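Here are some notes for a colleague coming to this entry without background. Please read them with the model open.

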Amino acid sequence: GDIFDSSAPGNRAQEQYYGFLAGLRGTCCRHVIIIGGNHDSPSFLEAPKDILGALRIKVIGAISSETADEIYVAKNSEGRTEAIICAVPFLRDRDIRTVEPGESPEDKTRKLKEGIVNHYMKIRVEAEKLRGNDKSIPLIGMGHLFTSQGKTVEGDGIRELYIGTIVHIDGQDISEGFDYMALGHLHISQAAEGAEKVRYSGSPIPMSFAEAGQIKKVLVVEFSGSSAVITSHEIPCFQELEKISGSI
């Protein structure tokens with residue numbers, strides 16, 4: 001999620017995005033899955049999804065009325081299923097909660113949390129039907145949300161996702177039944193509280209001076225059957241951020 005920092009990205013940002021996706025064709029990468037974040041415009045992301053789909057690039061900008069639209073079955077060259085990915089984009093308030101007259105802020109928060117957790121579980125149940133009895137096929141989740149006790153730094157620009165209420169989701173609630181859960185939104189590379197297989201890779205570059213001292217990472221997850229082995233790799237810093245202070 002958060003492919004772009006803005007819902008109306010400039011030409012240069014779009015050029016980098018499509019150039020990167022085109023460049024993947026010459027690598028060993030055989031499947032690409034993109035979900036929308038809270039910064040992204042779902043309609044903007046999904047506009048070229050049919051063309052990108054022909055290149056085996058799956059784009060899910062927003063929640064769909066069809067559960068199957070958020071599930072991707074990754075197959076090898078022989079047609080065998082290698083993994084099943086439940087790719088859940090950022091869930092907006094209107095997607096998962098109906099407004100009722102007289103509801104309190106507590107009611108709103110409760111319904112939001114229940115709606116988010118229930119959506120992840122609904123997608124997982126459908127994916128398990130596709131997997132059938134072969135438990136050696138890893139079931140992988142993707143999402144864009146703020147989990148409980150997630151680590152941030154002051155001034156990193158991370159927005160609360162829902163106006164008027166703080167809705168943080170327990171990582172274990174959304175990851176039940178998944179062999180691995182890859183999350184976006186928080187900029188610091190971290191595991192969700194109490195759930196080692198629920199991970200934020202974090203942003204690949206510092207998004208503000210508040211993140212200048214952070215070590216940015218890429219996470220590589222390898223599966224032996226449905227058992228995940230997670231390895232982190234430090235991203236080289238090509239452009240350091242430095243603060244200089246003094247008198248006029």
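1. Cys237 has a relative accessibility of 48%, so this cysteine counts as partly exposed, the exposed class being reserved for values over 50%. Please keep in mind that the model is predicted.

2. Cys237 also appears at a pocket, the second largest one, where Cys237 is among the residues that lie nearest the centre, together with Ile205, Pro206, Phe238 and Gln239. The lining of this pocket consists of 17 residues. Sorted by class, 10 of them are nonpolar, four are charged and three are polar. The space in the second largest pocket comes to about 380 Å³.

3. Another cysteine, Cys28, has a relative accessible area of 74% and is therefore exposed. Which cysteine sulfur is nearest to that of Cys28? The sulfur of Cys29 is, at 6.9 Å. A disulfide requires two cysteine sulfur atoms within 2.5 Å, so Cys28 is in no disulfide. The disulfide count for the model is zero.

4. Turning to the interior, the largest nonpolar core is made up of 27 residues. Ile116, Tyr120, Leu145, Ile174, Met181 and Leu183 have the most contacts inside this core. Two or more residues each come from helix H5 (105-131) and from the strands E4 (81-87), E6 (180-184) and E8 (195-200). H5 gives the largest share, with seven residues.

5. There is a second core, separate from the one above, with 11 residues. Ile60, Ala83, Ile140 and Tyr180 are included in this second core.

6. Strand E6 deserves a paragraph of its own. Is E6 mostly covered or mostly open? E6 is mostly covered, with four of its five residues buried. E6 is also one of the elements that give two or more residues to the largest core.

7. E6 has strand partners to look at as well. Strand E5 (residues 139-144) runs parallel to E6, and five bridges join the two. Within this pairing, His144 stands opposite Gly184 of E6. E8 pairs with E6 too, again in the parallel sense, over three bridges. There, Ala182 has Arg199 in E8 as its bridge partner.

8. To check these points in the viewer, begin with E6, which is joined to E5 by five bridges and to E8 by three. Then move to H5, the source of seven residues in the largest core. Finish at Cys237, one of the residues nearest the centre of the second largest pocket.

Definitions and conventions: Residues are numbered from 1 along each chain as its sequence is written. This is a predicted model: local features need pLDDT of at least 70, side-chain atom pairs count only at pLDDT 80 or more; totals for chains, interfaces and linings use all residues. Side-chain values use heavy atoms; hydrogens and water are left out. A nonpolar core is a set of buried Ala, Val, Leu, Ile, Met, Phe, Trp, Tyr and Cys residues joined through side-chain atoms within 4.5 Å. Buried means under 20% relative accessible area, exposed over 50%, partly exposed in between (1.4 Å probe, protein chains only). Two strands pair if DSSP finds at least two bridges between them. On a 1 Å grid over the protein atoms alone, a cavity is a set of points where a 1.4 Å probe fits but cannot get out, and a pocket is an open set with protein on both sides within 12 Å along at least five of seven lines; lining residues have an atom within 4 Å of a point. Grid points are joined across faces, edges and corners, and a volume is the space filled by probe spheres set on the points. Ala, Val, Leu, Ile, Met, Phe, Trp, Tyr, Cys and Pro count as nonpolar, Asp, Glu, Lys and Arg as charged, and the others, Gly among them, as polar.
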